[in-house]
Amino acid sequence: MNAITTGPRDVLLVIDVQNDFCPGGALAVPRGHEVVPVINDLVNRFEHVVLTQDWHPRRHSSFASSHPGKQPFSQITLPYGPQTLWPDHCIQGSSGARFHDSLSWTKAEMVIRKGFRPAIDSYSAFFENDKTTPTGLTGYLRERGLTRVFCCGLAFDFCVRYSAEDAHAQRFETLVIEDACRAIDMDGSAQATRDSLGAQGIALINSSAIR
Ligand code: VGL
Ligand code: ZN
């Protein structure tokens, strides 16, 4: 991979590096905490950093506990389509919803919260799972003149995947820094993510390529 030099129109989009997605958390991503030193190092190489924070109210519709008889990691159909059910996680104001203690978050110019509407989940940083409700991030990036989005964080096969696909669909130049991500990997979802990103022409790169 050729070296990539970052500039004033580039943004590092750090997705959901929160306690609940790290070992010991409610929806722990295997080795999720390992992204933290990689991302902290990347933060120094970007002028602009934006974070996302999964931010659910209690009894959110994506929680298995909100659907009597349903188990976490099963699927249901909500009015907007299929939805995976999760353990209760990233509840607004809880310690699980906080950024990982070692994440260097102070440089972030913007924090996009998502998943706060009780009836709609939101994997992507750009659109909720109904594919129509915007988070406001497209407008923010455009108004700021930011044109190239480097995605990293948790989880590779859910929130990072859908954020990258939406960034690309919104015509931002989009890259995913794979060694700065970790996957949940349910039923081959990590490989399916690589295939899908590849098919769309979204580059998967290593953090060592970024100068
Ligand atoms: C995520 C499942 C539920 C993620 C968020 O950040 O990938 N996954 N909520
Ligand atoms: Zn969530």
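This tour goes through a predicted model, stop by stop.

**Before you start**

Residues are numbered from 1 along each chain as its sequence is written, while chains are lettered from A and ligands numbered from 1 in the order in which they are written. In this predicted model, local features need pLDDT of at least 70, side-chain atom pairs count only at pLDDT 80 or more, and totals for chains, interfaces and linings use all residues; side-chain values use heavy atoms, with hydrogens and water left out.

**Stop 1: the zinc ion**

Select ligand 2, the zinc ion. Which protein residues hold its donors? They are D54 (OD), H56 (NE2) and H89 (NE2), 2.0 to 2.2 Å from the ion. Donors are N, O and S atoms within 2.8 Å of the metal (3.2 Å for Na, K and Ca); water is not among the atoms, so sites may look incomplete. Along the chain, the donors follow the spacing D-x1-H-x32-H.

Now look at the angles. Among the 4 donor atoms they run from 88 to 168°, and the site is irregular. Four donors count as tetrahedral if all angles lie between 85 and 135 degrees; four count as square planar and six as octahedral if opposite donors are over 155 degrees apart and all others between 65 and 115; anything else is irregular.

Are D54 and H56 buried or exposed? D54 is buried, with a relative accessible area of 3%. H56 is buried too, at 0%. Buried means under 20% relative accessible area, exposed over 50%, partly exposed in between (1.4 Å probe, protein chains only).

**Stop 2: strand β2**

Stay with D54 and select β2, residues 48–54. Helices (H or I, at least four residues) and strands (E, at least two) are DSSP runs, numbered from the N terminus. In β2, 7 of 7 residues are buried. In a regular strand the side chains alternate between the two faces of the sheet. On one side of β2 sit H48, V50, T52 and D54; on the other, V49, L51 and Q53. Both faces are covered.

Add β1, residues 10–15. It runs parallel to β2, joined by 5 bridges. Two strands pair if DSSP finds at least two bridges between them. Pick V14: its bridge partner in β2 is L51.

**Stop 3: the largest pocket**

Select P82, Y123, N129, K131 and Y162. Of the 19 lining residues, these are the closest to the centre of the largest pocket. The pocket has a volume of about 340 Å³. A pocket is an open set of points on a 1 Å grid over the protein atoms alone, with protein on both sides within 12 Å along at least five of seven lines; lining residues have an atom within 4 Å of a point.

Next, colour β4 (81–84), α3 (156–169) and α4 (189–200), which each give two or more residues to the lining. The largest share, 5 residues, comes from α3.

**Stop 4: two loops**

Go to A183, in the loop between β7 (173–182) and α4. A183 is buried, at 19% relative accessibility. Now add R31. The two are 152 residues apart in sequence, yet 8.7 Å apart in space, C-alpha to C-alpha.

Finish at S124, in the loop between β5 (110–114) and α2 (137–144). S124 is buried, at 2%. Its C-alpha atom is 8.8 Å from that of T135, which is 11 residues away along the chain.

Conventions:
1 Å grid on protein atoms, 1.4 Å probe; cavity = no way out; pocket = protein on both sides within 12 Å on 5 of 7 lines; lining within 4 Å. Points joined across faces, edges and corners; volume = space filled by probe spheres on them.
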